[in-house]
Amino acid sequence: MKMNTVPLFVFLFAYNIARSWACSPIFGWQPPTIEEQAQRASVVIEGVIIGLNTSANSRVQDDTATVRVKTYYAGCGPSIVTVSGFSHSAACGVSAEMNGTYFLYLCANEVGGGYHLNEFDIHTGAIQIREGTHYDNSKEVKKKTTSVTGAGAAPDACTEPSVPRQCGKPGVNTTESPSDGVSTTVTTKTSEGGGASIISPRAAVAFVLIFHLLSYL
C-alpha cells in the first residue's frame with residue numbers, strides 16, 4: 001500500500017513542532033531567580049568543566065562533568081569534583097560545555113560521592129558564565145549569588161559550615177546566614193511542582209494532530 005505523501009508531510013511537520021515545543025513553559029511561568037537557586041542549593045561553586053561523560057541514553061540525557069573548582073560559595077570540598085544532571089536545553093535542562101565556566105547550584109549525592117544539579121525547576125542547577133562576550137553575565141551572577149551565600153573561598157581555604165545547608169524544596173529552604181551563622185528559613189516564590197510543563201499545551205495539540213493523521217493513514 002502506497003502511503004499518501006501529503007499526510008506524511010503533515011505528520012513530519014507536526015512531529016517537528018512537537019519536538020520544538022517539548023520544553024515550552026506553561027503560560028505565566030516565571031523562571032527562578034539566581035538568588036533562589038543559591039538559596040536552595042547545599043553546595044554552590046564556580047568552576048570550569050575539564051571533562052565530560054555524555055549519557056549513552058539519548059531519550060534520558062544525564063551527562064556527568066568533571067569540574068575544576070575555582071571557588072566554593074557554599075559548602076566545602078576538593079578542587080576536582082564530579083557533577084551529574086546536565087542535559088540539553090530542549091530537555092528542560094542545562095547543557096555542559098567543555099572548558100566552559102559555570103556557577104553550579106548543587107546537592108550532594110547520597111551514595112557514591114560527587115554532586116548533582118539541583119533541578120527544582122526547568123533550566124536550573126547551573127548557569128554558564130559568558131565573561132568577555134556581548135552577553136557577559138559574570139558580574140550579575142556573582143553579585144546575586146554572593147548576596148545569598150556571602151564571599152566564597154578557594155578549595156584549599158574553605159571550611160565546612162557549622163550548620164550544613166540543605167537542598168531546598170519548592171517554597172522553602174533552610175540556609176545558614178553568611179553574616180552570623182544562624183540557621184534561618186528562607187521562603188522563595190517559585191510555584192509548587194516546578195511551574196513548567198515538559199509537554200506544553202501547544203505540543204499536546206501537535207500530538208493530537210499526529211494521532212489523527214495516523215488514524216487516517
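Lys144 and Glu140 form a salt bridge, with their closest N and O atoms 3.0 Å apart. In this predicted model, the two residues both belong to helix α3, which covers residues 138–149. They are 4 residues apart, about one turn of the helix. Lys144 counts as partly exposed, because its relative accessibility is 29%. Glu140 also counts as partly exposed, at 42% relative accessibility.

The count of salt bridges comes to 2. Besides the pair in helix α3, the side chains of Lys70 and Glu46 meet in a salt bridge, at 3.6 Å from N to O. This pair links distant parts of the chain, with Lys70 in strand β2 and Glu46 in strand β1, 24 residues apart. The relative accessible area of Lys70 is 42%, so Lys70 is partly exposed. Glu46, at 12% relative accessibility, counts as buried, because buried means under 20% relative accessible area.

These elements can now be placed in the whole chain. The protein has 4 helices and 8 strands. Read from the N terminus, the order is α-α-β-β-β-β-β-β-α-β-β-α. The protein has 217 residues, and 42% of them count as buried. Its accessible surface comes to about 12400 Å², and carbon and sulfur atoms account for 57% of that surface. Of the contacts between residues at least 6 apart in sequence, 63% join residues that are at least 24 apart.

In soluble globular proteins, nonpolar side chains tend to be buried together. Here the largest nonpolar core has 20 residues, and Ile45, Phe86 and Leu104 have the most contacts inside it. At least two residues of this core come from each of β1 (43–53), β2 (63–74), β3 (80–86), β4 (101–108) and β5. Strand β2 gives the most, with 4 residues. Leaving aside neighbours within four places in sequence, the contacts of Ile45 include Val67, Val69, Val81, Phe103, Leu104 and Leu106. Tyr102 and Thr71 are also among the residues in contact with Ile45.

Apart from this core lies another, of 12 residues, among them Ile34, Ala41, Val44 and Ala74. Val44 is found in strand β1. Val44 counts as buried because its relative accessibility is 0%. Tyr72 is 28 residues from Val44 along the chain, yet their C-alpha atoms are separated by 6.1 Å. Beyond its neighbours within four places in sequence, Val44 is in contact with several residues, including Ala38, Tyr72, Ala74, Leu104, Thr145 and Thr149.

A charged residue can also be buried without a salt bridge, as Asp121 shows. Asp121 sits in the loop between β5 (115–117) and β6 (126–128). The nearest side chain of opposite charge is that of Arg40, 6.5 Å away, and that is too far for a salt bridge because the rule requires a side-chain nitrogen within 4 Å of a carboxyl oxygen. The side chain of Asp121 does make a polar contact with the side chain of Trp29, at 3.3 Å.

Another aspartate, Asp62, is in the loop between β1 and β2. At 40% relative accessibility, Asp62 counts as partly exposed. A polar atom of the Asp62 side chain lies 2.8 Å from the backbone nitrogen of Gly85. Not counting residues up to four places away in sequence, Asp62 touches Ser55, Ser84, Gly85 and Phe86. Asp62 and Ser84 are 22 residues apart in sequence, and their C-alpha atoms are 6.6 Å apart in space. Phe86 has been named before, as one of the residues with the most contacts inside the largest nonpolar core.

Two loop residues remain, and both concern the backbone. Most residues other than glycine have a negative phi, and most peptide bonds are trans. Asn99 is not a glycine but has a positive phi of about 70°. Asn99 lies in the loop between β3 and β4, and its relative accessible area is 59%, so Asn99 is exposed. His123 is likewise not a glycine and has a positive phi of about 55°. His123 is in the loop between β5 and β6, where Asp121 is also placed. With a relative accessible area of 32%, His123 is partly exposed, whereas Asp121 is buried.

Notes: Residues are numbered from 1 along each chain as its sequence is written. This is a predicted model: local features need pLDDT of at least 70, side-chain atom pairs count only at pLDDT 80 or more; totals for chains, interfaces and linings use all residues. Side-chain values use heavy atoms; hydrogens and water are left out. Buried means under 20% relative accessible area, exposed over 50%, partly exposed in between (1.4 Å probe, protein chains only). Contact means heavy atoms within 4.5 Å. Accessible areas come from the Shrake-Rupley method with a 1.4 Å probe; for residues, only the protein chains shown count as cover. Lys and Arg count as positive and Asp and Glu as negative; His and the chain ends are not counted. A polar contact is a pair of N or O atoms within 3.5 Å; within protein, one must be able to donate a hydrogen and the other to accept it, and residues adjacent in sequence count only if both atoms are side-chain atoms. A nonpolar core is a set of buried Ala, Val, Leu, Ile, Met, Phe, Trp, Tyr and Cys residues joined through side-chain atoms within 4.5 Å.
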